[in-house]
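Welcome, and thanks for taking a look at this model with us. Please have the sequence and the 3D view open side by side as you read.

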Amino acid sequence: MNHWLNTPLTEALGCRYPIVQTAMGWVADANLVIATTEAGGFGFLAGATIPSDELEVQIRKVIDATGGSNFGLNFHMFQDNANQCVDLAIKYRLRAVSYGRGPDKQTIARFKAAKVLCIPTVGALKHALKAVELGADLITLQGGEGGGHTGGVPSSILLPQVLAAVNLPVIAAGGYATGRGLASVLAAGGCGIAMGTRFLMTRESPTPAATLERYLKVSDPQQVRVTTAVDGMRHRMIENRFINHLEQAGPFGRLRIALGSAWQWKQQTGMSLGHMASVFMRALREDPSALSQVVMAANQPVLLQRSMVEGLPDDGILPSGQVAAAISELLSCREVIEGIANEAQQCLDALLVRSQASAEPSPSNYPASVGEPQ
Ligand SMILES: Cc1cc2nc3c(=O)[nH]c(=O)nc-3n(C[C@H](O)[C@H](O)[C@H](O)COP(=O)(O)O)c2cc1C
């Protein structure tokens, strides 16, 4: 029945449907991953924002609830807990890891030895090629319409580019929330879709009600726009009072806000001054212009927390894909996954029926201008 939906993704990740719930800071927790796994999708825990003393607990919670390690962990090498994420993914033989700025070849070799699949997320063709060179097993591409940090190339351009250039299973992310979207990716040669915003807007999402209300209120995709004001990188989010304030603050105002957030983050995580200084010094050595970005990057966890944990949507940032404007209700993860799978199945079945009909010539298949067959 689901023959269209058995793809290299379902084979590699051992899930029923070619649908991935991506990592989202403060959102993709154990409960969301459990709900996704139980509904037949594949979920990633957002390792970067789970406190160090809780990460292993969350991993074990998913294993206990789902009876296995068929889920993934997301991390970024530049973050404090990156090595802990690497060690835990290997210790528990998780099915996969995902990351943006990738680990080096030695770390990837450790994952391969433990049979943990490496699925980097890329936002441009050149990053896809680099990821292949470093040893990716599958690739997720994220089109510019996607939520959070995002590139500038839309999925409709990036997907065919990457499919033509790499010989690995390709998962498409950025702008997907429907079965029609999944059908289009499978028809193009992709192996599945990955979604952030759609899973954020579910009933199992830990996001506070006041914040979810803001996501549901978005009706125009252009209200979900890119800013570089938070950490110097392209970041797509819902426009709100905080973002407008930050953008209007100017370089010194922004630095003041960034330093305040960095200090708050230090207090929360117990990060030592020595560690903070070493991060700053490394940024200075690698690229002096990156110093302000490093400070600004410290904004992100705190600003995310205000909206995503404290439920203050105007005081923090609201990372989101433009697809939020096309989502009008909170569904359960099961409703999302099964609804998308069924719709994709119907689209692809209909395509097959149309192609079979056109392969069997009958008078009605010929446009009037062609005339009747001889
Ligand atoms: C609230 C939010 C937080 C995110 N946090 C992360 C993160 O911590 N790590 C990461 O790799 N991607 C993160 N992303 C990007 C998503 O994993 C995913 O690639 C993106 O949402 C896909 O686009 P879509 O929103 O159109 O589905 C985040 C996205 C959102 C909306």
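The notes below go through a strand-helix-strand unit, the surroundings of the ligand and two loop residues.

## The model

Please keep in mind that this is a predicted model.

## Strand 8 and its neighbours

Let us begin with strand 8, where V170 and A172 point one way while I171 and A173 point the other way. All four of these residues are buried. In a regular strand, side chains alternate between the two faces of the sheet.

On one hand, strand 8 pairs with strand 6 (residues 139-142) in the parallel sense, over 4 bridges. On the other, strand 8 runs parallel to strand 9, and 3 bridges join the two. A172 is a handy residue to find in both pairings: its bridge partner in strand 6 is L141, and in strand 9 it stands opposite I193. Between strand 8 and strand 9 the chain passes through helix 8, making a β-α-β crossover that is right-handed.

## Helix 8

How many of the 10 residues of helix 8 are buried? The count is 7, so helix 8 (residues 179-188) is largely enclosed by the rest of the structure. The buried residues are G179, G181, L182, A183, S184, V185 and L186.

Those buried residues pack against two helices, helix 7 (155-165) and helix 16 (333-359), and against two strands, strand 8 (170-173) and strand 9 (192-195). Just after helix 8 comes G189, which has a positive phi, near 115°.

## Around the ligand

Now to the ligand, which is surrounded by 27 residues. The closest are G146, G147, G148, G196 and G321. Sorted by class, the shell has 11 nonpolar, 15 polar and 1 charged residues. Helix 9 (residues 197-200) supplies the largest share of the shell, 3 residues.

Where does the ligand lie relative to domain 1 and domain 2? Both domain 1 (3-205 + 330-351) and domain 2 (211-323) give residues to the shell, so the ligand lies between them.

## Two loop residues with positive phi

Most residues other than glycine have a negative phi, and two loop residues are worth a look against that background. W26 has a phi near 65° and lies in the loop between strand 1 (19-21) and helix 2 (30-38). K115 has a phi near 60° and sits in the loop between helix 5 (105-113) and strand 5 (117-122).

Which of the two words, buried or exposed, fits W26? W26 is buried, with 21 other C-beta atoms within 10 Å. K115, by contrast, is exposed, with 11 other C-beta atoms within 10 Å.

How values were computed. Residues are numbered from 1 along each chain as its sequence is written. This is a predicted model: local features need pLDDT of at least 70, side-chain atom pairs count only at pLDDT 80 or more; totals for chains, interfaces and linings use all residues. A residue is buried if 20 or more other C-beta atoms lie within 10 Å of its own, exposed if 12 or fewer, and partly exposed in between; C-beta atoms are placed from the backbone. Two residues are in contact if their C-beta atoms, placed from the backbone, lie within 7 Å. A residue is near a molecule or strand if its C-beta atom, placed from the backbone, lies within 6 Å of it. Ala, Val, Leu, Ile, Met, Phe, Trp, Tyr, Cys and Pro count as nonpolar, Asp, Glu, Lys and Arg as charged, and the others, Gly among them, as polar. Domain bounds come from an automatic or database domain assignment. Two strands pair if DSSP finds at least two bridges between them. A crossover is right-handed if, with the strands pointing away from the viewer, the path from the first strand over the helix to the second runs clockwise.
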